[in-house]
Amino acid sequence: MTHFVSHLEGAIDGTRLEFGRIYNLHAGKPIVVRYDLAAVRKVVTPTDIATRPPTLWRYRELLPLPLDVEPVTLGEGMTPLLKCDRLGGELGLPNLFVKDESQLPTGSFKSRGMTAAVSMAKWLGVKRVALPTAGNAGGGAAAYAARAGLECFVFMPQDTPVVSHFEPHLYGAKAFRVNGLINDCGKIVKDGTEPMGWFDLSTLKEPYRLEGKKTMGLELAEQFGWKLPDVILYPTGGGTGLIGMWKAFQELRELGWLKSDKMPRLISCQAEGCAPIVTAFDKGERFAELFPNAATAASGLRVPVAVADFLILDAIRASGGTAVAGAETAIAPWMKRASSREGISICPETAVCFDVLEKLIVNGDVKPSETVVVFNTGAATKYLEALPAELPLLEKERIDWDKIGA
Ligand SMILES: Cc1ncc(COP(=O)(O)O)c(C=O)c1O
């Protein structure tokens, strides 16, 4: 057997779809990959996995690309799981960890999804891909498309952080700014499918980015010795990270690889300037409404409508977690505070998670005894605008040590 995919499945109604064909949505909703986990269990164990190179492709049997096909890879993963004693001390959390995705190619967790999706697209014969982006996905897609020799078109809101303009340009994609939000960019990609003949690589509008993101959950379990933490805080935009991790935990449970079946509580963190999932969660709804006038410095979270809203909300509820909005005014201070305490390059999206974490500690929803993981989904250095650094200029002829030491 060259792969362990049993079938693809329409997430809204369970319709079985044949693997090996090109799909976007089914009934207007995402498609997910299902595996023959009994067959996986027979051929591989956690001990085998421990001997493999430290990239996300070590979980090969739980990824859709056939085993005899070379992935399109930049050597992504595994990312470090960093214990944060200084910050944990301040917050009263002795077991606080950051899983640092900023160290991945193109500086964000998006490369996990892109290595999987671009590998699959290439294998399925796609020659041209297009996607809307809040910033990081565009750079990631462009890099992997370059690696695969595919043509790539990227559409982003006009006020996307400037490093995200540079990246797709650098990697040879055709990149455009649009006078609208990410959903407007998504419409351009959808409308262009026919005249431009490209494959729509939008978040959760094809099945495989999710599989790449899933490896965050697989890695986390492996790094904790096949146990899971009590609480995970995850910045949520389109939701692939959160849904992917939850999928990983279910697959690991079914495989019998986890030492305990206790699942972590998933805390979906959004910025108050764009919090459609938080609003739907609070109202007890399964589908979210378009968030009006979306605006936040955490640009990756500026997703006013998510095609997989129900999957995000289902996962949060099934985990016993919650969805909370962080304050806009807390973003820059938390970027600085968390980065300067731990030396980790904390992006604005993760700064939102820290604000949410502080709230949950104060109201008793997160206890000091709990093991808490915050995902740092990208590098702060990709957001020069979020925390401008105006360095004082020294005159070399007149150095004043008192001023320097102040
Ligand atoms: C740094 C960062 N964090 C989080 C997100 C949200 O990701 P997801 O689509 O998995 O919810 C994004 C999306 O652009 C991002 O760039």
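Colleague: Which residues come nearest to the ligand in this predicted model?

Modeller: Asn 136, Gly 237, Gly 239, Thr 240 and Thr 377 come nearest, out of 15 residues around the ligand. A residue counts as near if one of its heavy atoms lies within 4 Å.

Colleague: What makes the pair between Asn 136 and the ligand a polar contact?

Modeller: The cut-off for two N or O atoms is 3.5 Å. A ligand oxygen is 2.8 Å from an N or O atom in the Asn 136 side chain. That is within 3.5 Å, so the pair is a polar contact.

Colleague: What other distances from ligand oxygen atoms can you give, for Gly 239 and Thr 240?

Modeller: For Gly 239, a polar backbone atom lies 2.6 Å from a ligand oxygen. For Thr 240, an N or O atom of the side chain lies 2.9 Å from a ligand oxygen. Both values are within 3.5 Å, so both pairs are polar contacts.

Colleague: How much of the ligand's accessible area does the protein cover?

Modeller: The protein covers 97% of the 400 Å² that the ligand has on its own.

Colleague: Which pocket does the ligand take up?

Modeller: The ligand's space is the largest pocket.

Colleague: How many residues of each class form the shell around the ligand?

Modeller: Nine are polar, four nonpolar and two charged. Gly counts as polar here, so Gly 237 and Gly 239 are in the polar class.

Colleague: Where is the cis peptide bond?

Modeller: It joins Gly 77 and Met 78, with omega about -25°. Met 78 is in the loop between helix H2 (46–50) and strand E4 (81–83).

Colleague: What is notable about phi of Ala 27?

Modeller: Phi is near 50°, a positive value in a residue other than glycine. Ala 27 is in the loop between strands E2 (16–17) and E3 (31–35).

How values were computed: Residues numbered from 1 in each chain as written. Predicted model: local features only at pLDDT ≥ 70, side-chain atom pairs only at ≥ 80, totals over all residues. Heavy atoms only, no water. Polar contact = N/O pair within 3.5 Å; in protein donor to acceptor, adjacent residues only side chain to side chain. Areas by Shrake-Rupley, 256 points an atom, 1.4 Å probe, with all protein chains shown as cover. 1 Å grid on protein atoms, 1.4 Å probe; cavity = no way out; pocket = protein on both sides within 12 Å on 5 of 7 lines; lining within 4 Å. Sits in = over half its atoms within 2 Å of the grid points. Helix = DSSP H or I, 4+ residues; strand = E, 2+ residues; numbered from the N terminus.
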